[in-house]
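Reader: I am new to reading protein structures, and I would like to learn how to look at one feature at a time. Could you take me through this example slowly?

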Amino acid sequence: MKQDIHPEYHTINVEMTDGSTFQTCSTWGKEGDTLKLDIDIKSHPAWTGVHRLMDSGGQLAKFNKRFADFGLKT
């Protein structure tokens, strides 16, 4: 392996969305830094089963209007 090209591997703290924390090793940040998650397994729809449709720039409304004649739920 080449010398001095690999990032430093150290211990960081990870804070979940519910406030719980754990320690892990990572190349992110510096030793002892805290990584605060916006989305994790306790809040992500893929794990919770709760899906929310977010209308970004009217795209969802535009889709519903365009395909309303196909009998899709709005």
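Author: Let us begin with a pairing of strands: strand 1 and strand 3 run parallel and are joined by three bridges. Please keep in mind throughout that this is a predicted model.

Reader: Through what do the strands of a sheet pair?

Author: The general idea is that strands of a sheet pair through backbone hydrogen bonds, and that this pairing can be either parallel or antiparallel. In this structure you can study both, since strand 1, which covers residues 10–15, runs antiparallel to strand 2 and is joined to it by six bridges, whereas strand 1 and strand 3 run parallel. If you follow Glu15, you find its bridge partner Thr21 in strand 2 and its bridge partner Lys36 in strand 3. Val14, in turn, stands opposite Phe22 of strand 2.

Reader: In what order do the three strands lie in the open sheet?

Author: The order is 2-1-3, and the pairing in this open sheet is mixed. The edge strands, each of which pairs on one side only, are strand 2 (21–26) and strand 3 (34–36). On average, and with direction ignored, neighbouring strands of this sheet are turned by 35 degrees against each other.

Reader: How many helices and strands does the protein chain have, and which way do I read them?

Author: There are two helices and three strands in the protein chain, and reading from the N terminus on you meet them as β-β-β-α-α.

Reader: How many residues lie between the strands in the hairpin of strand 1 and strand 2?

Author: Five residues lie between them, and within this hairpin Gly19 takes a positive phi near 95 degrees. As a general idea, most residues other than glycine have a negative phi. With that in mind, look also at Asp4, which has a positive phi of about 65 degrees although it is not a glycine. Asp4 is found in the segment before strand 1, and its relative accessibility is 80%, so it counts as exposed.

Reader: Which residues make up the covered face of strand 1, and which the uncovered one?

Author: His10, Ile12 and Val14 make up the covered face, while Thr11, Asn13 and Glu15 make up the uncovered one. A good residue to examine here is His10, which lies in strand 1 and counts as buried because its relative accessibility is 4%, where buried means under 20%.

Reader: What does the side chain of His10 reach at 2.9 Å?

Author: At that distance the side chain of His10 reaches the backbone oxygen of Trp28, and at 3.1 Å it reaches the backbone oxygen of Gly29. If you leave aside the neighbours within four places in sequence, the residues in contact with His10 include Thr24, Cys25, Ser26 and Thr27, as well as Trp28 and Gly29.

Reader: Is Ser26 buried or exposed?

Author: Ser26, whose place is in strand 2, has a relative accessible area of 17% and is therefore buried. The side chain of Ser26 reaches the backbone nitrogen of Trp28 at 2.9 Å. Not counting residues up to four places away in sequence, Ser26 touches Glu8, Tyr9, His10 and Ile12.

Reader: What share of the 74 residues in the protein chain do buried residues make up?

Author: Buried residues make up 8% of them. The protein chain exposes about 6700 Å², of which carbon and sulfur atoms supply 54%. You can also ask how contacts are spread along the sequence: among those in the protein chain between residues at least 6 apart, 9% join residues at least 24 apart.

Reader: By what is a pair of aromatic rings described?

Author: In general, such a pair is described by the distance of the centres and the angle of the planes. The structure holds one aromatic pair. Phe63 and Phe67 form this pair, which is tilted, with 4.8 Å centre to centre and 45 degrees between the planes.

Reader: What is the relative accessible area of Phe63?

Author: For Phe63 the value is 42%, so Phe63 is partly exposed. Phe67 has a relative accessible area of 26%, which means that Phe67 is partly exposed.

Terms used:
Residues are numbered from 1 along each chain as its sequence is written. This is a predicted model: local features need pLDDT of at least 70, side-chain atom pairs count only at pLDDT 80 or more; totals for chains, interfaces and linings use all residues. Side-chain values use heavy atoms; hydrogens and water are left out. Helices (H or I, at least four residues) and strands (E, at least two) are DSSP runs, numbered from the N terminus. Buried means under 20% relative accessible area, exposed over 50%, partly exposed in between (1.4 Å probe, protein chains only). Contact means heavy atoms within 4.5 Å. Accessible areas come from the Shrake-Rupley method with a 1.4 Å probe; for residues, only the protein chains shown count as cover. Two strands pair if DSSP finds at least two bridges between them. Axes are lines fitted to C-alpha atoms, for helices over the stretch in contact, and angles run from 0 to 180 degrees between N-to-C directions. A polar contact is a pair of N or O atoms within 3.5 Å; within protein, one must be able to donate a hydrogen and the other to accept it, and residues adjacent in sequence count only if both atoms are side-chain atoms. Rings of Phe, Tyr and Trp (its six-membered ring) pair if their centres lie within 6.5 Å; planes under 30 degrees apart count as stacked, over 60 as edge-to-face and the rest as tilted.
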